[in-house]
Amino acid sequence: SWHGPAPGLDGLTATFEKMAAFPAALYKLVPTAVQPGDEVPALLLLASLGRRDVACFAVGPGGAWTRLVAPRLGAPVVYGSLGEVAGAPGQISIARLRRDYGLPELPPIEALFGIVGNPVTHSLSPRIHNTAYRTLGIPAVYLPFHTDSFGDFWLEVVENAGLEAIGLPVRGLSVTAPFKESALAVAGAESPIVSLIGAANTLVWNQGVWEAEATDPDGVVLPLRDRGIDITHLEAAVVGAGGAGRSAAAGLDRAGARVTLFNRDPRRGRSSADHLKVPFRPLAELDPSQFDLLVNATSLGRGEDDPLPFDVERLRPGAVVIDLVYLLDRPTRLLAEAAARGAVAIDGREVLVDQARGQFRMMTGRDLPLNLARRAAGLEDLP
(Lines give C-alpha, C1' and ligand atoms only; values in the text may rest on other atoms or scores of the structure.)
Protein backbone atom coordinates (compact mmCIF):
# COMPACT_ATOMS: atom_id res chain seq x y z
CA SER A 1 0.00 0.00 0.00
CA TRP A 2 1.28 3.45 -0.96
CA HIS A 3 -0.16 6.90 -0.22
CA GLY A 4 1.49 10.15 -1.26
CA PRO A 5 1.45 13.35 -3.31
CA ALA A 6 0.26 12.97 -6.91
CA PRO A 7 3.40 12.03 -8.87
CA GLY A 8 1.93 11.84 -12.39
CA LEU A 9 1.69 8.71 -14.49
CA ASP A 10 5.43 8.11 -14.71
CA GLY A 11 5.81 8.45 -10.95
CA LEU A 12 2.89 6.11 -10.25
CA THR A 13 4.26 3.56 -12.70
CA ALA A 14 7.71 3.66 -11.08
CA THR A 15 6.16 3.28 -7.63
CA PHE A 16 4.09 0.30 -8.73
CA GLU A 17 7.11 -1.39 -10.29
CA LYS A 18 8.92 -1.21 -6.96
CA MET A 19 5.87 -2.62 -5.15
CA ALA A 20 5.37 -5.39 -7.71
CA ALA A 21 8.78 -6.82 -6.86
CA PHE A 22 7.07 -8.25 -3.78
CA PRO A 23 4.30 -10.84 -4.23
CA ALA A 24 0.95 -9.64 -2.85
CA ALA A 25 -2.77 -10.34 -3.22
CA LEU A 26 -3.51 -6.63 -3.65
CA TYR A 27 -1.47 -3.57 -4.53
CA LYS A 28 -2.99 -0.26 -3.46
CA LEU A 29 -1.79 3.13 -4.72
CA VAL A 30 -3.53 6.30 -3.54
CA PRO A 31 -2.23 9.66 -4.79
CA THR A 32 -3.62 12.86 -3.25
CA ALA A 33 -5.40 15.08 -5.78
CA VAL A 34 -4.82 18.74 -4.99
CA GLN A 35 -5.21 20.34 -8.41
CA PRO A 36 -7.59 19.32 -11.22
CA GLY A 37 -5.84 16.68 -13.29
CA ASP A 38 -3.94 15.19 -10.36
CA GLU A 39 -6.53 12.42 -10.21
CA VAL A 40 -6.41 11.27 -13.85
CA PRO A 41 -3.05 9.38 -13.78
CA ALA A 42 -4.53 6.91 -11.27
CA LEU A 43 -6.96 5.75 -13.96
CA LEU A 44 -4.36 5.81 -16.70
CA LEU A 45 -2.13 3.54 -14.59
CA LEU A 46 -4.92 0.98 -14.19
CA ALA A 47 -5.64 1.06 -17.91
CA SER A 48 -1.95 0.59 -18.77
CA LEU A 49 -1.51 -2.35 -16.38
CA GLY A 50 -4.62 -4.31 -17.30
CA ARG A 51 -4.38 -6.23 -14.03
CA ARG A 52 -6.99 -7.36 -11.51
CA ASP A 53 -4.89 -7.05 -8.37
CA VAL A 54 -4.28 -3.28 -8.34
CA ALA A 55 -6.50 -0.69 -6.66
CA CYS A 56 -5.56 2.84 -7.65
CA PHE A 57 -7.64 5.98 -7.12
CA ALA A 58 -7.14 9.56 -5.99
CA VAL A 59 -7.96 10.78 -2.51
CA GLY A 60 -9.47 14.21 -1.92
CA PRO A 61 -12.81 15.80 -2.89
CA GLY A 62 -11.65 16.27 -6.47
CA GLY A 63 -10.65 12.62 -6.75
CA ALA A 64 -13.91 11.06 -5.51
CA TRP A 65 -15.05 10.24 -9.04
CA THR A 66 -11.97 8.10 -9.70
CA ARG A 67 -13.16 5.66 -7.01
CA LEU A 68 -16.20 4.99 -9.20
CA VAL A 69 -14.33 4.56 -12.47
CA ALA A 70 -11.41 2.47 -11.16
CA PRO A 71 -13.40 -0.81 -10.95
CA ARG A 72 -14.16 -0.53 -14.68
CA LEU A 73 -10.40 -0.58 -15.25
CA GLY A 74 -9.69 -3.64 -13.16
CA ALA A 75 -9.52 -2.40 -9.57
CA PRO A 76 -10.96 -5.26 -7.48
CA VAL A 77 -11.79 -3.16 -4.40
CA VAL A 78 -13.73 0.04 -3.73
CA TYR A 79 -13.41 1.55 -0.26
CA GLY A 80 -16.52 3.12 1.27
CA SER A 81 -17.55 4.40 4.68
CA LEU A 82 -20.14 2.58 6.77
CA GLY A 83 -21.92 5.88 7.46
CA GLU A 84 -21.97 9.37 5.96
CA VAL A 85 -18.79 10.35 7.84
CA ALA A 86 -15.97 9.66 5.39
CA GLY A 87 -12.91 7.74 6.50
CA ALA A 88 -10.79 9.69 4.02
CA PRO A 89 -11.31 12.84 1.93
CA GLY A 90 -13.57 12.05 -1.01
CA GLN A 91 -14.67 8.67 0.31
CA ILE A 92 -18.30 7.80 -0.47
CA SER A 93 -20.55 5.83 1.84
CA ILE A 94 -21.30 2.21 1.00
CA ALA A 95 -25.00 3.07 0.90
CA ARG A 96 -24.42 5.71 -1.80
CA LEU A 97 -21.98 3.51 -3.71
CA ARG A 98 -24.83 1.05 -4.08
CA ARG A 99 -27.81 3.39 -4.39
CA ASP A 100 -26.34 6.21 -6.49
CA TYR A 101 -23.80 4.29 -8.56
CA GLY A 102 -25.13 0.72 -8.72
CA LEU A 103 -22.07 -0.99 -7.26
CA PRO A 104 -21.07 -3.78 -7.07
CA GLU A 105 -22.62 -4.31 -10.53
CA LEU A 106 -20.35 -3.12 -13.33
CA PRO A 107 -22.30 -2.75 -16.59
CA PRO A 108 -20.16 -1.54 -19.51
CA ILE A 109 -19.63 2.19 -19.94
CA GLU A 110 -18.66 4.08 -23.08
CA ALA A 111 -18.90 7.68 -21.85
CA LEU A 112 -18.66 9.74 -18.69
CA PHE A 113 -21.24 12.31 -17.65
CA GLY A 114 -21.47 14.18 -14.39
CA ILE A 115 -22.16 17.24 -12.32
CA VAL A 116 -19.42 19.82 -11.80
CA GLY A 117 -19.58 22.37 -9.00
CA ASN A 118 -18.47 23.25 -5.51
CA PRO A 119 -19.87 21.53 -3.55
CA VAL A 120 -21.42 18.51 -5.29
CA THR A 121 -21.35 15.87 -2.55
CA HIS A 122 -24.95 16.70 -1.59
CA SER A 123 -26.30 16.37 -5.13
CA LEU A 124 -29.06 13.90 -6.00
CA SER A 125 -28.22 14.18 -9.70
CA PRO A 126 -25.97 11.07 -9.77
CA ARG A 127 -28.75 9.00 -8.20
CA ILE A 128 -31.34 10.23 -10.69
CA HIS A 129 -29.22 9.84 -13.83
CA ASN A 130 -27.50 6.57 -12.92
CA THR A 131 -30.77 4.94 -11.89
CA ALA A 132 -32.17 5.79 -15.31
CA TYR A 133 -29.00 4.62 -17.08
CA ARG A 134 -29.23 1.23 -15.40
CA THR A 135 -32.94 0.87 -16.12
CA LEU A 136 -32.62 1.85 -19.79
CA GLY A 137 -29.35 -0.01 -20.38
CA ILE A 138 -27.41 3.14 -21.31
CA PRO A 139 -23.63 2.42 -21.26
CA ALA A 140 -22.58 5.44 -19.21
CA VAL A 141 -21.94 6.58 -15.66
CA TYR A 142 -22.79 9.95 -14.11
CA LEU A 143 -20.12 11.20 -11.69
CA PRO A 144 -19.57 13.90 -9.02
CA PHE A 145 -16.90 16.34 -10.21
CA HIS A 146 -15.89 18.60 -7.33
CA THR A 147 -13.49 21.39 -8.24
CA ASP A 148 -12.30 24.77 -7.03
CA SER A 149 -11.50 25.94 -10.56
CA PHE A 150 -13.78 25.27 -13.51
CA GLY A 151 -11.17 26.38 -16.05
CA ASP A 152 -8.49 24.06 -14.69
CA PHE A 153 -11.00 21.20 -14.45
CA TRP A 154 -11.99 21.73 -18.05
CA LEU A 155 -8.43 21.76 -19.35
CA GLU A 156 -7.03 18.97 -17.18
CA VAL A 157 -9.98 16.56 -16.97
CA VAL A 158 -12.58 17.17 -19.69
CA GLU A 159 -10.01 17.81 -22.41
CA ASN A 160 -7.55 15.22 -21.10
CA ALA A 161 -6.58 13.09 -24.07
CA GLY A 162 -5.74 10.20 -21.77
CA LEU A 163 -9.39 9.62 -20.83
CA GLU A 164 -10.36 9.59 -24.48
CA ALA A 165 -7.54 7.15 -25.23
CA ILE A 166 -8.74 4.63 -22.65
CA GLY A 167 -12.31 4.81 -23.93
CA LEU A 168 -13.78 6.96 -21.16
CA PRO A 169 -14.41 10.38 -22.69
CA VAL A 170 -16.41 13.06 -20.86
CA ARG A 171 -19.41 13.75 -23.08
CA GLY A 172 -21.74 15.87 -20.95
CA LEU A 173 -21.90 17.91 -17.78
CA SER A 174 -24.52 19.36 -15.51
CA VAL A 175 -23.07 22.61 -14.20
CA THR A 176 -24.02 23.94 -10.79
CA ALA A 177 -22.91 26.81 -8.54
CA PRO A 178 -20.61 28.64 -8.78
CA PHE A 179 -19.69 27.78 -12.36
CA LYS A 180 -22.78 28.41 -14.50
CA GLU A 181 -21.33 31.59 -15.96
CA SER A 182 -17.93 29.94 -16.50
CA ALA A 183 -19.57 27.22 -18.58
CA LEU A 184 -20.22 29.71 -21.37
CA ALA A 185 -16.51 30.40 -21.82
CA VAL A 186 -15.80 26.85 -23.00
CA ALA A 187 -18.88 26.33 -25.20
CA GLY A 188 -18.67 26.41 -28.97
CA ALA A 189 -22.40 27.02 -29.33
CA GLU A 190 -25.17 28.29 -27.07
CA SER A 191 -28.94 28.44 -27.20
CA PRO A 192 -30.88 31.74 -27.22
CA ILE A 193 -32.00 31.24 -23.60
CA VAL A 194 -28.37 30.76 -22.54
CA SER A 195 -27.43 34.01 -24.29
CA LEU A 196 -30.26 35.79 -22.50
CA ILE A 197 -29.43 34.41 -19.05
CA GLY A 198 -25.66 34.61 -19.41
CA ALA A 199 -25.29 31.23 -17.72
CA ALA A 200 -25.59 27.55 -18.58
CA ASN A 201 -26.35 24.51 -16.47
CA THR A 202 -25.69 21.99 -19.25
CA LEU A 203 -22.73 21.27 -21.53
CA VAL A 204 -23.01 18.46 -24.08
CA TRP A 205 -20.55 17.24 -26.70
CA ASN A 206 -22.37 17.10 -30.03
CA GLN A 207 -20.57 16.26 -33.27
CA GLY A 208 -17.30 17.80 -32.17
CA VAL A 209 -18.79 20.91 -30.52
CA TRP A 210 -19.53 21.59 -26.86
CA GLU A 211 -23.06 23.03 -26.76
CA ALA A 212 -24.33 25.11 -23.83
CA GLU A 213 -27.95 24.91 -22.73
CA ALA A 214 -30.02 26.14 -19.79
CA THR A 215 -32.67 23.74 -18.51
CA ASP A 216 -33.04 25.56 -15.18
CA PRO A 217 -36.05 27.53 -16.48
CA ASP A 218 -37.90 24.23 -16.95
CA GLY A 219 -37.29 23.48 -13.28
CA VAL A 220 -39.57 26.32 -12.17
CA VAL A 221 -42.07 26.33 -15.04
CA LEU A 222 -42.87 22.61 -15.36
CA PRO A 223 -43.86 22.02 -11.70
CA LEU A 224 -46.34 24.90 -11.96
CA ARG A 225 -47.83 23.57 -15.19
CA ASP A 226 -48.02 20.05 -13.78
CA ARG A 227 -50.19 21.45 -10.98
CA GLY A 228 -52.47 23.22 -13.42
CA ILE A 229 -51.32 26.66 -12.23
CA ASP A 230 -51.84 29.36 -14.86
CA ILE A 231 -48.53 31.19 -14.96
CA THR A 232 -49.85 33.99 -17.14
CA HIS A 233 -49.98 37.30 -15.23
CA LEU A 234 -48.77 35.78 -11.94
CA GLU A 235 -46.95 38.35 -9.83
CA ALA A 236 -43.63 36.58 -9.26
CA ALA A 237 -40.68 37.48 -7.04
CA VAL A 238 -37.34 35.81 -7.71
CA VAL A 239 -34.81 36.20 -4.89
CA GLY A 240 -31.23 35.92 -6.10
CA ALA A 241 -29.51 37.29 -9.20
CA GLY A 242 -26.98 34.53 -9.85
CA GLY A 243 -27.26 32.02 -12.67
CA ALA A 244 -30.11 30.14 -10.97
CA GLY A 245 -32.06 33.33 -10.25
CA ARG A 246 -31.64 34.67 -13.77
CA SER A 247 -32.76 31.31 -15.16
CA ALA A 248 -35.87 31.25 -12.98
CA ALA A 249 -36.72 34.84 -13.86
CA ALA A 250 -36.24 34.25 -17.58
CA GLY A 251 -38.33 31.06 -17.55
CA LEU A 252 -41.21 32.68 -15.69
CA ASP A 253 -41.07 35.83 -17.80
CA ARG A 254 -41.25 33.82 -21.02
CA ALA A 255 -44.18 31.85 -19.60
CA GLY A 256 -46.12 35.08 -19.06
CA ALA A 257 -45.56 35.91 -15.39
CA ARG A 258 -44.85 39.45 -14.23
CA VAL A 259 -41.41 38.97 -12.67
CA THR A 260 -39.54 41.19 -10.24
CA LEU A 261 -35.94 40.31 -9.41
CA PHE A 262 -34.71 40.87 -5.85
CA ASN A 263 -31.10 40.72 -4.69
CA ARG A 264 -29.06 41.75 -1.66
CA ASP A 265 -26.34 43.31 -3.86
CA PRO A 266 -28.12 46.11 -5.77
CA ARG A 267 -25.42 46.49 -8.40
CA ARG A 268 -25.48 42.86 -9.48
CA GLY A 269 -29.23 42.62 -9.13
CA ARG A 270 -29.92 45.70 -11.24
CA SER A 271 -27.45 44.57 -13.91
CA SER A 272 -29.12 41.15 -14.15
CA ALA A 273 -32.61 42.64 -14.21
CA ASP A 274 -31.69 45.14 -16.93
CA HIS A 275 -30.27 42.34 -19.05
CA LEU A 276 -33.45 40.28 -18.62
CA LYS A 277 -35.65 43.38 -19.06
CA VAL A 278 -37.50 42.78 -15.78
CA PRO A 279 -37.89 45.14 -12.79
CA PHE A 280 -35.40 45.07 -9.92
CA ARG A 281 -35.85 45.93 -6.25
CA PRO A 282 -33.43 45.57 -3.33
CA LEU A 283 -34.08 42.53 -1.16
CA ALA A 284 -34.81 44.72 1.86
CA GLU A 285 -37.92 45.99 0.03
CA LEU A 286 -39.43 42.54 -0.60
CA ASP A 287 -42.96 42.27 0.77
CA PRO A 288 -44.18 38.69 0.17
CA SER A 289 -47.82 39.79 0.42
CA GLN A 290 -47.47 41.53 -2.95
CA PHE A 291 -46.72 38.32 -4.86
CA ASP A 292 -48.51 35.17 -6.00
CA LEU A 293 -45.27 33.27 -6.48
CA LEU A 294 -41.91 33.52 -4.70
CA VAL A 295 -38.75 31.69 -5.76
CA ASN A 296 -35.72 31.28 -3.51
CA ALA A 297 -32.76 31.20 -5.89
CA THR A 298 -30.15 31.89 -3.22
CA SER A 299 -28.05 29.34 -1.35
CA LEU A 300 -29.89 30.08 1.90
CA GLY A 301 -31.60 27.06 3.40
CA ARG A 302 -29.06 24.26 3.21
CA GLY A 303 -27.73 25.08 6.65
CA GLU A 304 -29.95 24.56 9.67
CA ASP A 305 -29.12 28.03 11.02
CA ASP A 306 -29.54 29.91 7.74
CA PRO A 307 -31.97 32.82 7.85
CA LEU A 308 -35.04 32.60 5.62
CA PRO A 309 -34.78 34.60 2.38
CA PHE A 310 -38.10 36.34 3.11
CA ASP A 311 -40.79 36.58 5.80
CA VAL A 312 -43.19 33.66 5.30
CA GLU A 313 -45.66 35.16 7.75
CA ARG A 314 -46.45 37.80 5.14
CA LEU A 315 -47.35 35.32 2.38
CA ARG A 316 -50.74 35.97 0.84
CA PRO A 317 -53.31 33.11 0.99
CA GLY A 318 -52.71 30.51 -1.70
CA ALA A 319 -49.24 31.81 -2.60
CA VAL A 320 -46.78 29.47 -4.28
CA VAL A 321 -43.23 29.11 -2.92
CA ILE A 322 -40.48 27.39 -4.91
CA ASP A 323 -37.18 26.66 -3.16
CA LEU A 324 -34.30 25.82 -5.49
CA VAL A 325 -32.32 24.62 -2.46
CA TYR A 326 -33.15 21.06 -1.43
CA LEU A 327 -32.35 18.61 1.33
CA LEU A 328 -31.95 14.90 0.69
CA ASP A 329 -34.76 13.61 2.86
CA ARG A 330 -37.17 16.40 3.76
CA PRO A 331 -38.40 19.85 2.71
CA THR A 332 -36.31 22.87 3.64
CA ARG A 333 -37.36 25.05 6.57
CA LEU A 334 -38.61 27.68 4.12
CA LEU A 335 -40.97 25.19 2.49
CA ALA A 336 -42.06 23.64 5.77
CA GLU A 337 -43.00 27.03 7.22
CA ALA A 338 -44.64 28.17 3.97
CA ALA A 339 -46.73 24.99 3.79
CA ALA A 340 -47.76 25.42 7.41
CA ARG A 341 -49.26 28.78 6.41
CA GLY A 342 -51.23 27.22 3.56
CA ALA A 343 -48.86 28.01 0.70
CA VAL A 344 -48.27 25.67 -2.23
CA ALA A 345 -44.71 24.50 -1.54
CA ILE A 346 -42.63 23.16 -4.45
CA ASP A 347 -39.60 21.20 -3.33
CA GLY A 348 -36.17 21.77 -4.85
CA ARG A 349 -35.96 18.04 -5.56
CA GLU A 350 -38.92 18.40 -7.91
CA VAL A 351 -37.20 21.35 -9.56
CA LEU A 352 -34.08 19.18 -9.94
CA VAL A 353 -36.00 16.36 -11.63
CA ASP A 354 -37.77 18.70 -14.04
CA GLN A 355 -34.59 20.47 -15.11
CA ALA A 356 -32.88 17.07 -15.47
CA ARG A 357 -35.39 16.06 -18.13
CA GLY A 358 -33.82 18.26 -20.79
CA GLN A 359 -30.30 17.41 -19.68
CA PHE A 360 -30.96 13.69 -19.87
CA ARG A 361 -32.43 14.00 -23.36
CA MET A 362 -29.45 16.04 -24.60
CA MET A 363 -26.91 13.68 -23.07
CA THR A 364 -28.47 10.34 -24.01
CA GLY A 365 -31.07 10.93 -26.71
CA ARG A 366 -33.64 9.25 -24.46
CA ASP A 367 -36.46 10.54 -22.29
CA LEU A 368 -35.92 10.46 -18.54
CA PRO A 369 -38.45 8.05 -16.95
CA LEU A 370 -40.24 10.52 -14.68
CA ASN A 371 -41.72 8.11 -12.15
CA LEU A 372 -38.34 6.46 -11.75
CA ALA A 373 -36.60 9.82 -11.34
CA ARG A 374 -39.11 11.03 -8.78
CA ARG A 375 -38.68 7.89 -6.72
CA ALA A 376 -34.90 8.25 -6.90
CA ALA A 377 -35.26 11.83 -5.62
CA GLY A 378 -37.51 10.77 -2.73
CA LEU A 379 -40.63 12.41 -4.14
CA GLU A 380 -43.02 9.45 -4.01
CA ASP A 381 -45.38 11.17 -1.59
CA LEU A 382 -45.52 14.53 -3.38
CA PRO A 383 -48.20 15.30 -6.01
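**Exercise 1.** In this predicted model, state which helix holds Thr131, and decide whether Thr131 is buried or exposed.

*Solution.* Start with the position: Thr131 belongs to helix α5, residues 125-136. Next, take its relative accessible area, which is 15%. Buried means under 20%, so Thr131 is buried. Last, look at its surroundings: apart from neighbours within four places in sequence, Thr131 contacts Arg99, Pro126, Leu372 and Ala376.

**Exercise 2.** Check whether the end-to-end distance of helix α14 agrees or disagrees with the span expected at 1.5 Å a residue.

*Solution.* Helix α14 runs over residues 348-364 and has 17 residues. The expected span is 1.5 Å times one less than the number of residues, so α14 should span 24 Å. Its end C-alpha atoms lie 24 Å apart, so the two values agree. The helix also has a bend, of about 30 degrees at Ala356.

**Exercise 3.** Describe the two ends of α14 and how far the helix is enclosed.

*Solution.* At the start of α14, a side-chain oxygen of Asp347 comes within 2.7 Å of the backbone nitrogen of Arg349. Just after the helix, Gly365 has a positive phi of about 75 degrees. Of the 17 residues of α14, 13 are buried, so the rest of the structure largely encloses this helix.

**Exercise 4.** Find which residues of helix α2 are buried and what they pack against.

*Solution.* Helix α2 covers residues 40-49, and seven of its 10 residues are buried. These are Val40, Pro41, Ala42, Leu43, Leu44, Leu45 and Leu46. They pack against several elements, including α1 (8-20), β2 (27-32) and α6 (150-158). Just after α2, Gly50 takes a positive phi of about 65 degrees.

How values were computed: Residues numbered from 1 in each chain as written. Predicted model: local features only at pLDDT ≥ 70, side-chain atom pairs only at ≥ 80, totals over all residues. Heavy atoms only, no water. Helix = DSSP H or I, 4+ residues; strand = E, 2+ residues; numbered from the N terminus. Buried < 20%, exposed > 50% of the residue type's maximum accessible area, 1.4 Å probe, protein only. Contact = heavy atoms within 4.5 Å. Bend = angle between axes of the 7 residues up to and from the residue. Polar contact = N/O pair within 3.5 Å; in protein donor to acceptor, adjacent residues only side chain to side chain.
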